[in-house]
Amino acid sequence: MSGDVVVVGGGLVGLAAAWRIAGHGGRVTVVERDAPVRFTSRAAAAMIAPVGYREPADDAFLRLRLDAQREWTPFAAELVEQTGIDPAYRRIGSLVAATDKDGLARVVALREFHAELGIESSLVDAAGAARLEPELRGALGGLQVPGEGCVDPEAAGRALVAGIHARGGTVWSGAGVAELCGDATRISGVRLVDGSVLAADVVLVAAGAASCALPGVPESARFPLRAVKGQSVLVADRPGDPLVRTVLRAGINVVPRGDGRLMIAGTVEDGAAPGDRNTVLGAYQVLQRAIAAVPALAGCDVDTWCVGQRPVAPDDAPVLGPSGVPGLWWSTGHSYYGILLSALTGRLVADALAGDAAATVRIGQFTVDRFAAGAPRYTSLDHDRHA
């Protein structure tokens, strides 16, 4: 594509889209109020695991997540080839642990659903769970899913920034957006908090939970988007003898980052006040659940406390593509699946901007007009959410 594109938001969703846009020849600038992958992306469990509960097998959002999992292998390989930076995507498998009869029933149902979808998984008993995760306590059994994995969002962010620069794009840190420029007839760029203006043929808003709250977003383009706060903690793993070996879901998500750290994620605080600070209650909830599942975590050193705001639309599914106002596009609302979806939605949005017909049709299932049209919900909000 030709033309200037400003991407608002330097999380993994925005960076992946910018990298792909630059690959199409677009002149792309990412503006981020803080530093790339500093906020919600860093706080994510970053599980590349698309199915955690039963839902309609022909659901468009489910299919998007399944395709997003497959996207990560070529996406990570291309990043490494171009930049030499490993995003630490690894298919280490997952264990969904069950600690009571209800939990066992859930993993049995999940195994049946996996079979319908052609996903490899197998039930394990208590001994099998212990073989997979020797430090796990209280598991009566569980479900092993060997094809699932995880990624390090910080490493992936570094690779994407390098890739954007290699393709002639720009990533600005500390560049908060004061307002979008234009009106309900057209958006023509952004004004930054320092007063400078970046003109653009397209402004792609990938600002997470803050997307619809940006000043200058025309009322006709807005849609319901709420923030669901998540608090997490990164801890140092045990050297030479990892405490957790799989993507572990055991009442809390414990995920190896691949660099000697474990991510323990996280709280689900719907209706929490906006902010980027951890709370005593959030820290307690995260650590209490983690230590109950893996008591040896109590001896780990804390590396970093993290917090984010998941952007959640009424049906949990992302909002992609044209806003209805010329010059303004969305890539937001990725809810509990932002890291999983980022590689695929980045490519689809970039391809659609470049005029690709198939990508245009695909993102057409997730455009903002579905809310005005009263389209059916993609998923139930009562599910085993992923960070």
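**Core packing and aromatic pairs**

Leaving aside neighbours within four places in sequence, Trp72 is in contact with Leu12, Ile48, Tyr89, Val151, Ile339, Leu340, Ser342 and Ala343. The model examined here is a predicted one. A second, separate core of 25 residues is also found, and Ile187, Leu192, Val205 and Val368 are among its members.

In the largest nonpolar core, which holds 57 residues, Trp72 and Val7 are the residues that touch the most other members. Two or more residues are given to this core by each of strand E1 (4-8), helix H1 (12-23), strand E2 (27-31), helix H3 (60-83), helix H6 (153-166), strand E12 (202-205), helix H8 (338-353) and helix H9 (357-363). The greatest contribution comes from H8, which supplies ten residues. In soluble globular proteins, nonpolar side chains tend to be buried together. Trp72 also belongs to an aromatic cluster, in which it is joined by Trp19, Phe75 and Tyr89.

Aromatic pairs were then considered, and the count comes to six. In one of them, the rings of Phe223 and Trp330 have centres 5.3 Å apart and planes at 85 degrees, an angle over 60 degrees, so the pair is classed as edge-to-face. This pair links distant parts of the chain, since Phe223 lies in the loop between E12 and strand E13 (226-236) whereas Trp330 lies in strand E20, 107 residues apart. Both Phe223 and Trp330 are buried. Phe223 also pairs with Phe371, and here the ring centres are 5.8 Å apart with the planes at 5 degrees, which is under 30 degrees, so this second pair is stacked. Because Phe371 is placed in helix H10 (residues 369-373) and Phe223 in the loop between E12 and E13, the stacked pair ties together parts that are 148 residues apart in sequence. The two partners differ in burial class: Phe223 has a relative accessible area of 7% and is buried, whereas Phe371, with a relative accessible area of 23%, is partly exposed.

Strand E20 (residues 328-332), which carries Trp330, pairs with strand E19 (residues 319-322) in the antiparallel sense over four bridges. Within this pairing, Val319 stands opposite Thr332 in E20. The two strands form a hairpin with five residues between them, and Gly324 in the turn has a positive phi of about 100 degrees.

Charged groups are also placed over aromatic rings. The charged end of Arg33 sits over the ring of Phe39, 5.6 Å from its centre, and that of Arg65 sits over the ring of Phe61, at 4.6 Å from the ring centre.

Note on methods:
Residues are numbered from 1 along each chain as its sequence is written. This is a predicted model: local features need pLDDT of at least 70, side-chain atom pairs count only at pLDDT 80 or more; totals for chains, interfaces and linings use all residues. Side-chain values use heavy atoms; hydrogens and water are left out. A nonpolar core is a set of buried Ala, Val, Leu, Ile, Met, Phe, Trp, Tyr and Cys residues joined through side-chain atoms within 4.5 Å. Buried means under 20% relative accessible area, exposed over 50%, partly exposed in between (1.4 Å probe, protein chains only). Contact means heavy atoms within 4.5 Å. Two strands pair if DSSP finds at least two bridges between them. Rings of Phe, Tyr and Trp (its six-membered ring) pair if their centres lie within 6.5 Å; planes under 30 degrees apart count as stacked, over 60 as edge-to-face and the rest as tilted. A charge sits over a ring if NZ of Lys or CZ of Arg is within 6 Å of the ring centre and within 35 degrees of the ring normal.
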